[in-house]
Amino acid sequence: MTIRTHVLGFPRIGAARELKLGLESHWRGELSEADLEATGRQLRARHWAQQRDAGLDYVTVGDFAFYDQVASHIQLLGCEPARFHFAPEQSPLARYFTMARGADTHAAHAGCGHAHHAHAAGTAALEMTKWFDTNYHYLVPELSPQTRFSLACERLLAEVAEAQALGHPVKAALIGPLTFLWLGKEKTPGFDRLALLEQLLPVYGDLLDRLKRQGVTWVQLDEPILGLDLPNAWRSAFESTYWQLNQVGVNILLATYFSPLEENLSLTCRLPVAGLHVDGIRAPHELISVTDWLPAHKVLSIGIVDGRNIWRTDLDAALAVLRPLAARRDGHLWLAPSCSLLHVPFSLEAETELDTDIQSWLAFATEKLAEIAILKGALAGHPDDAALAQSRRAVAGRRASPRVHRPQVAQRLQALSPTVDRRDSSFPQRQAMQRARLQLPDFPTTTIGSFPQTPAIRAARASHKRGELASAEYERQMRAEIARAVGRQEALGLDVLVHGEAERNDMVEYFGEQLDGFIFTRHGWVQSYGSRCVKPPVIYGDVQRPAAMTVAWTVHAQSLTNKPMKGMLTGPVTILQWSFVRDDQPRATTALQIALAIRDEVADLEAAGIGIIQIDEPALREGLPLRRGQWDAYLGWATRAFRIAACVVNDTTQIHTHMCYAQFNDILPQIAAMDADVITIETSRSDMALLAGFGQFQYPNEIGPGVYDIHSPRIPTTVDMVRLLQKASAVIPPAHLWVNPDCGLKTRGWAETEAALQNMVAAARQMRAA
């Protein structure tokens, strides 16, 4: 029996986020380029050694990137956009960071859990968007009829040589040519980026040839777009593409993940490649079909360990799947995680404070390497009985744990009435009652929720968390910060105020820390892009709210002003999407549990006299399945979860939601079905272009299109914002328009925040006067 093991990719950030620290030190001018390169070499060597020590048959080379793997391919394929006007004396790494971060600009982070590039003073960075349905962001290739490709593989070949010098058998990993083009964005109207394939393929051919000459026997080409609903022209391009690349004579392992192949299954299995990797976690039902369709002489690599989640693999269940497949393949099988381990934290070893029961249920990247090795040994007739027994105990313990299942939560779900997700009256009736209560002017002004998290706020929170600052003193300091935020908003003349969220560390973590069913790691960081890392909560059990989470802070803020104070909450789908979610029940059930917890908070805020409550759902579109055929089911339960959270209030209470950094035009009916009284969205970067879809759809409720980009340090003028509001008024009834920034302001400084909001209030007043 020939069993081989490998990974599609490994977390590059490092066990202690060494890459993040090195990058930020380099960007501050404290670490030289040579020293940053040395950090990269040390991390690669350490990670390859981990793969070897875990018994993997190949180490993966090419998955390391100083910022993002797609950006690395833009350089590898020689298609840096001409608009950057790079000088010959600029190093490849300096050019790379300019594409990623713009020229002469500060790094910028979003205020709502996302992170995106800032506009440069001279040149804007490449656009950034989500990698398929993950919370990882990639830099978007800019493609046009003028795009030219040329091979620049020195860095990749040097990394291969590094691994070979350390004695490792190498498998190179690259993004496939069709997926690379698909991920790009056409910068010329009417241009089809697939037209670039003909000139791209010889560059890929040269690259494969260079790898072959360097002694690489296997090259992994990632083509995850095979799991999408592809246009016919793209489907048809696969056969000729891989026929041409196969002529080079190096073994190609075609890798797909994140989604079933469905109508692309037989096409994929017929492609002229030496092997195929499939995702056995997202598409377990296709494993037998793939095994039958894939010719017997080809390698089948099965992603049997979940690369997207942190739960320990049920090794007995995995072996039950693998054994009949191995028999069909005459014992020839490769084993791997389902996708790159980039999407999970590095190691459980550092989690010394984690609950021991729950820790035994988890496996991070390092532990997943061990699981692959245990499965290989068992299939090859050398089972590690102790490891298999430990796995059984953990799986059984989790299944039977009273901490996972709370009967009262299940009973509450079963008792929900059919009308639990409906408001008492239609929007026009509610709108009239809300206007009578709130007495707001036309073009009312507000913000999205957060205000600058100053060094003093962060220091107080950290000190409190370490136990050095007493809870009473911490609360006093946060109340003082809230009072400052309210006073500044009063002085600016904003119409609807917020408390500023000084007490919140993160828009998901803050709520998860106060809900049953969540647990938090200390070091469970996952790369979002570049140096930006997130630490997702872990939802391990039934979710419920033991006590109010935001009411005291919001009521305190309302007591400081006569103007309406918005209660600020994170929505159930966003909490779900930005967490590691339990895999022992449908995601829809977990979303419903979170929705009921948020519903309780909404009810308490209303009872405390808060007349406007915002429930943010920036991740609603991110949760869309990759296949359109599954959209309706997802959007059905996702929008119902929002309505259940919101529809506990009286008609006079105004419900807001906020969404950002996604294309919404293809799901507008479902957004309308959420039935929020007001939606605020990010539109300034697109110059209000996104709003056209809302206008054509005749979006029925009120809408606040963002009038300035909070990710840029640039302070927009009143003229800028009036122009955007005039554009908005042309497609949305002016009586339905609100005036607000694109997103939260937690990452900005107070000076620029106040200047921008002053101009925003002036713009609203000009619109009223007109």
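**Exercise 1. Asp316**

In which helix is Asp316 found? Then state how exposed Asp316 is, and how far Asp316 lies from Tyr529.

Solution. The model is predicted.
Step 1: Asp316 belongs to helix 11, which covers residues 315-328.
Step 2: The relative accessibility of Asp316 is 31%. Buried requires a value under 20% and exposed a value over 50%, so Asp316 counts as partly exposed.
Step 3: Asp316 and Tyr529 are separated by 213 residues in sequence. From C-alpha to C-alpha, they are 35 Å apart in space.

**Exercise 2. The sheet of 8 strands**

Give the strand order of the open sheet formed by 8 strands, find its edges, and describe the pairing of strand 1 with strand 12.

Solution.
Step 1: The order is 1-12-11-10-9-8-6-2, and the pairing is parallel.
Step 2: Strand 1 (2-5) and strand 2 (59-61) each have a single partner strand, so they stand at the edges, with one side of each left without a neighbour in the sheet.
Step 3: From one strand to the next, the twist averages 25°.
Step 4: Strand 1 runs parallel to strand 12 (residues 332-337), and 4 bridges join the two. In this pairing Ile3 stands opposite Leu333 in strand 12.

**Exercise 3. Helices packed on this sheet**

Which strands does helix 7 touch, and across which strands does helix 8 lie?

Solution.
Step 1: Helix 7 (residues 197-213) packs on the sheet and touches strand 6 (170-175), strand 8 (218-222) and strand 9 (251-255). The direction of helix 7 makes about 170° with that of strand 6.
Step 2: Helix 8 (residues 232-246) lies across strand 8 and strand 9. Helix 8 runs at about 150° to strand 9.

**Exercise 4. Strand 11**

How many residues of strand 11 are buried, and how does strand 11 pair with strand 10?

Solution.
Step 1: Strand 11 spans residues 299-305, and 7 of its 7 residues are buried, so the rest of the structure largely encloses it.
Step 2: Strand 10 (residues 275-279) pairs with strand 11 in the parallel sense, over 5 bridges.
Step 3: Gly275 has Val299 in strand 11 as its bridge partner.

**Exercise 5. The sheet of 5 strands**

Give the order of the open sheet formed by 5 strands, then follow the pairing from strand 17 through strand 19 to strand 20.

Solution.
Step 1: The order is 17-19-20-21-22, with parallel pairing.
Step 2: Strand 17 and strand 22 (702-705) are at the edges; each has a single partner strand, so one side of each has no neighbour in the sheet.
Step 3: Direction ignored, neighbouring strands of this sheet are turned by 20° against each other on average.
Step 4: Strand 17 and strand 19 pair in the parallel sense over 5 bridges, and Gly567 stands opposite Ile613 in strand 19.
Step 5: Strand 19 (residues 612-616) also pairs in the parallel sense with strand 20, over 3 bridges. Here Ile613 stands opposite Ile655 in strand 20.

**Exercise 6. The two faces of strand 20**

Sort the residues of strand 20 by the way they point, and say whether they are buried or exposed.

Solution.
Step 1: In a regular strand, side chains alternate between the two faces of the sheet.
Step 2: Gln654, His656 and His658 point one way from strand 20, while Ile655, Thr657 and Met659 point the other way.
Step 3: All of these residues are buried. Strand 20 (residues 654-659) is thus mostly covered, with 6 of its 6 residues buried.

**Exercise 7. Helix 15 and helix 22**

How do the axes of helix 15 and helix 22 cross, and which residues meet?

Solution.
Step 1: The axes of helix 15 (residues 407-414) and helix 22 come within 11 Å and cross at roughly 90°.
Step 2: Angles of 65 to 115 degrees count as roughly perpendicular, and the two helices are therefore roughly perpendicular to each other.
Step 3: Val409, Arg412 and Leu413 in helix 15 meet Thr589, Leu592, Gln593, Leu596, Arg599 and Asp600 in helix 22.
Step 4: By class, this contact has 4 nonpolar, 2 polar and 3 charged residues.

**Exercise 8. Arg582**

Where is Arg582 placed, and is Arg582 buried or exposed?

Solution.
Step 1: Arg582 is in the loop between strand 18 (580-581) and helix 22 (587-607).
Step 2: Its relative accessibility is 2%, so Arg582 counts as buried.
Step 3: The side chains of Arg582 and Asp584 are joined by a polar contact of 2.7 Å.
Step 4: Beyond its neighbours within four places in sequence, Arg582 is in contact with residues including Trp311, Arg398, Tyr540, Asp542 and Gln593.

Note on methods. Residues are numbered from 1 along each chain as its sequence is written. This is a predicted model: local features need pLDDT of at least 70, side-chain atom pairs count only at pLDDT 80 or more; totals for chains, interfaces and linings use all residues. Side-chain values use heavy atoms; hydrogens and water are left out. Buried means under 20% relative accessible area, exposed over 50%, partly exposed in between (1.4 Å probe, protein chains only). A polar contact is a pair of N or O atoms within 3.5 Å; within protein, one must be able to donate a hydrogen and the other to accept it, and residues adjacent in sequence count only if both atoms are side-chain atoms. Contact means heavy atoms within 4.5 Å. Two strands pair if DSSP finds at least two bridges between them. Axes are lines fitted to C-alpha atoms, for helices over the stretch in contact, and angles run from 0 to 180 degrees between N-to-C directions. Angles under 35 degrees count as roughly parallel, over 145 as roughly antiparallel, 65 to 115 as roughly perpendicular and the rest as oblique. Ala, Val, Leu, Ile, Met, Phe, Trp, Tyr, Cys and Pro count as nonpolar, Asp, Glu, Lys and Arg as charged, and the others, Gly among them, as polar.
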